[in-house]
Number of protein chains: 2
Amino acid sequence: MNPSHLLGPVLVLGSGLLGASIGLGLRAHGIDVIVSDPSPSAQAVAVDIGAGRAFDAAEYLTPELVVVAAPPDVTAQVVAGALARYPSAVVVDIASVKGSVLAELQTVESLAPTALGRYVGTHPMAGRERSGPVAARGQLFNSMPWVLCPSEASSEHAIKVAHSLAIDLDAVVFRFAPDEHDEAVALVSHLPQIMSSLVASRLADTPQHALSLAGNGLRDVTRIAASDPSLWVQILGANAPKVLEIMQGVRTDLDRLINTLSAPTAPGARLDLAQLIAEGNAGQGRIPGKHGGPAQQYSWLTVLVDDKPGQIALLLTEIGEIGVNVEDLRLDHSAGLQVGMVELSVLPSRRVALVDELTVRGWKVLQ
Amino acid sequence: MNPSHLLGPVLVLGSGLLGASIGLGLRAHGIDVIVSDPSPSAQAVAVDIGAGRAFDAAEYLTPELVVVAAPPDVTAQVVAGALARYPSAVVVDIASVKGSVLAELQTVESLAPTALGRYVGTHPMAGRERSGPVAARGQLFNSMPWVLCPSEASSEHAIKVAHSLAIDLDAVVFRFAPDEHDEAVALVSHLPQIMSSLVASRLADTPQHALSLAGNGLRDVTRIAASDPSLWVQILGANAPKVLEIMQGVRTDLDRLINTLSAPTAPGARLDLAQLIAEGNAGQGRIPGKHGGPAQQYSWLTVLVDDKPGQIALLLTEIGEIGVNVEDLRLDHSAGLQVGMVELSVLPSRRVALVDELTVRGWKVLQ
């Protein structure tokens with residue numbers, strides 16, 4: 001399939017973070033975007049930031065595409081309404097669980113039998129910590145996965161239009177069956193969310209003294225525990241069967257661990273503990289590189305820099321002169337101290353030469 | 001207490017990552033350090049990298065301080081040996097569980113009754129993904145927590161020497177009772193490790209297709225699942241009672257979640273799910289800022305850059321010219337795409353001016 005660009009007009013139903021970001025991104029291509037939201041203020045903000053023009057019920061619209069960016073709970077209902085009201089439009093939704101939306105749509109009797117041919121479920125896997133149209137950005141989907149989950153009824157034309165939407169927003173397109181998608185996100189998204197929340201909820205009544213020992217391990221594990229409860233209720237509710245199956249597996253593992261910890265000197269106890277960590281090693285090692293690309297291995301090196309403006313820039317300028325591209329970068333320093341550490345990842349083939357060259361130039365490289 | 005600097009000599013027993021890093025850090029202050037390791041090759045590497053001079057059994061040593069940096073399993077035994085062999089030295093260990101070491105020491109009959117007065121259990125909370133003396137750095141403890149866990153027997157002198165060690169290595173000193181320490185690390189360190197391993201172990205048999213949808217949430221939650229099984233067997237084994245209590249609480253929460261997911265449309269199901277996420281929100285919000293310091297708030301901004309050598313350097317050079325210090329920095333780009341995003345954190349008071357100035361200079365700043 002060779003997706004062309006969208007021609008428009010595109011009607012975006014729902015002007016939260018994702019809907020407004022889609023509008024912004026399409027407007028940047030000059031596409032005519034109309035935004036509609038049950039909340040007049042949310043719609044007005046989206047229009048004000050340039051996500052599209054306001055929906056006007058009196059206007060006769062023949063959109064090429066309707067993007068349903070409503071809360072997951074009402075998505076199927078809004079999709080059905082859009083399919084009925086715009087009989088020539090392709091309709092996509094962006095809810096993060098796909099099987100339940102499709103199942104609900106298949107029960108809507110008022111839909112013409114062929115209407116589902118114009119529908120494609122999709123899931124753009126992008127977001128921010130903040131919500132609402134104020135947080136929207138046109139580049140939100142840039143190089144993030146966008147999963148197309150056509151049903152067996154979806155027409156080639158509808159799939160092509162959905163594909164064009166993702167491509168126009170610079171996303172990386174994946175194609176999954178709806179059920180296969182829901183299994184995958186239960187594992188890679190809903191499981192970590194639940195486990196992160198379970199860890200963080202243990203901290204709610206802890207003395208602050210104990211929390212003062214928190215390190216990066218705890219911070220990493222609990223980062224997504226800051227997520228929005230109302231959104232996650234809908235996601236977990238919609239994907240309950242798939243999530244349940246995974247959580248039952250976790251409970252089996254947890255029960256075994258609890259038995260082991262109850263008798264830590266019993267024969268086999270150490271092997272059990274080692275196995276848990278080793279299986280975690282194996283699973284963690286299978287996670288591919290950023291954005292679902294191939295798991296490119298990079299080499300890391302650490303450079304000490306003075307903690308003052310310009311030092312990191314100077315370092316990166318010299319690395320640019322040496323001709324090496326920095327693939328990833330982390331800073332580790334604390335305010336008020338004089339030395340910071342810059343951890344850099346580069347292609348393994350460039351590492352030795354870079355270390356040598358930086359050392360010659362007087363940088364302190366820790367290996 | 002006003003800790004003075006160590007005078008030395010300091011004998012470091014065990015030249016793995018932590019022992020060798022302690023040696024390196026103290027040598028940087030000109031302190032006489034002797035390193036000893038049952039593995040001649042590990043000891044030789046530590047000496048070669050400048051972590052101290054080689055232990056010589058024929059030399060008559062009167063160390064000011066003996067640092068036991070042995071594996072957790074044998075720590076108590078090595079501490080007891082050091083207390084007996086060096087009757088004027090203060091002895092500290094650095095094992096990550098403290099109650100079990102102290103309990104074991106209290107059962108050693110051969111120790112003189114006053115010997116425990118010279119012992120202080122400590123726990124420097126620093127580490128790296130790699131182990132062994134080759135990975136050692138003198139700055140490893142710089143601004144990281146170092147917990148002193150004196151027993152009731154510990155003398156003021158011994159506590160002061162232990163304090164000096166942490167201060168000489170630029171660590172941030174905390175003081176906990178041994179039992180209180182073990183409860184705290186069970187929560188802030190051992191719990192996240194277990195949960196991260198439980199998530200990652202679920203990925204071991206997953207189709208690679210599903211893993212291609214992995215995002216930063218999964219990556220964050222499973223980062224520490226890459227930890228060393230042999231070390232964690234010892235840590236979890238030594239702290240089993242405290243970890244068990246926490247994991248039983250997790251099981252209760254998990255059972256409740258499983259019940260809810262089994263009947264997601266039952267009355268109260270949504271409230272249950274919302275509560276789990278909301279409690280996670282509350283717990284996550286209580287975690288203090290990096291290095292246990294006050295939770296300094298920074299403002300983030302995102303700048304789009306071309307994904308080629310020199311662009312990030314150019315950006316940081318200009319930020320340096322504007323005179324703003326970058327507190328933290330994250331790159332988000334994928335190989336092969338032409339645009340990367342640089343997320344920068346700066347002091348909130350400098351943010352507006354920086355955004356304005358960067359925009360004037362032609363950078364594309366997303367807010």
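Two strands count as paired if DSSP finds at least two bridges between them. Helices (H or I, at least four residues) and strands (E, at least two) are DSSP runs, numbered from the N terminus.

The model shown here is predicted: local features need pLDDT of at least 70, side-chain atom pairs count only at pLDDT 80 or more, and totals for chains, interfaces and linings use all residues. Residues are numbered from 1 along each chain as its sequence is written, while chains are lettered from A and ligands numbered from 1 in the order in which they are written.

**View 1. An open sheet in chain B has eight strands.** Follow the strands across in the order 3-2-1-4-5-6-7-8, and you will meet mixed pairing. At the edges are strand 3 (53–54) and strand 8 (172–175) of chain B, each of which pairs on one side only. Strands of a sheet pair through backbone hydrogen bonds, either parallel or antiparallel.

**View 2. Strands 6 and 7 of chain B run antiparallel.** Strand 6 (residues 119–124) is joined to strand 7 (residues 145–149) by four bridges. Look for His123(B), which stands opposite Val147(B) in strand 7 of chain B.

**View 3. Helix 1 of chain B lies across four strands, including strand 1 (10–13) and strand 2 (33–36).** This helix (residues 17–27) also lies across strand 4 (65–68) and strand 6 of chain B. Its direction makes an angle of about 165° with strand 2 of chain B. Here axes are lines fitted to C-alpha atoms, for helices over the stretch in contact, and angles run from 0 to 180 degrees between N-to-C directions. Two residues are in contact if their C-beta atoms, placed from the backbone, lie within 7 Å.

**View 4. A turn of 178° and a shift of 0.1 Å along the axis lay chain B on chain A with an RMSD of 0.8 Å.** That is the relation of a two-fold axis. In chain B, the C-alpha of Val221(B) is nearest the axis, 1.9 Å from it. Copies are superposed by least squares on the C-alpha atoms of residues with pLDDT of at least 70 in both.

**View 5. The contact takes 110 residues from chain B and 108 residues from chain A.** On the side of chain B that touches chain A, helix 6 (residues 178–201) of chain B gives the largest share, 17 residues.

**View 6. Chain A has 13 helices and 12 strands.** Its C-alpha atoms fill a box of roughly 65 × 60 × 40 Å, taken along the principal axes.
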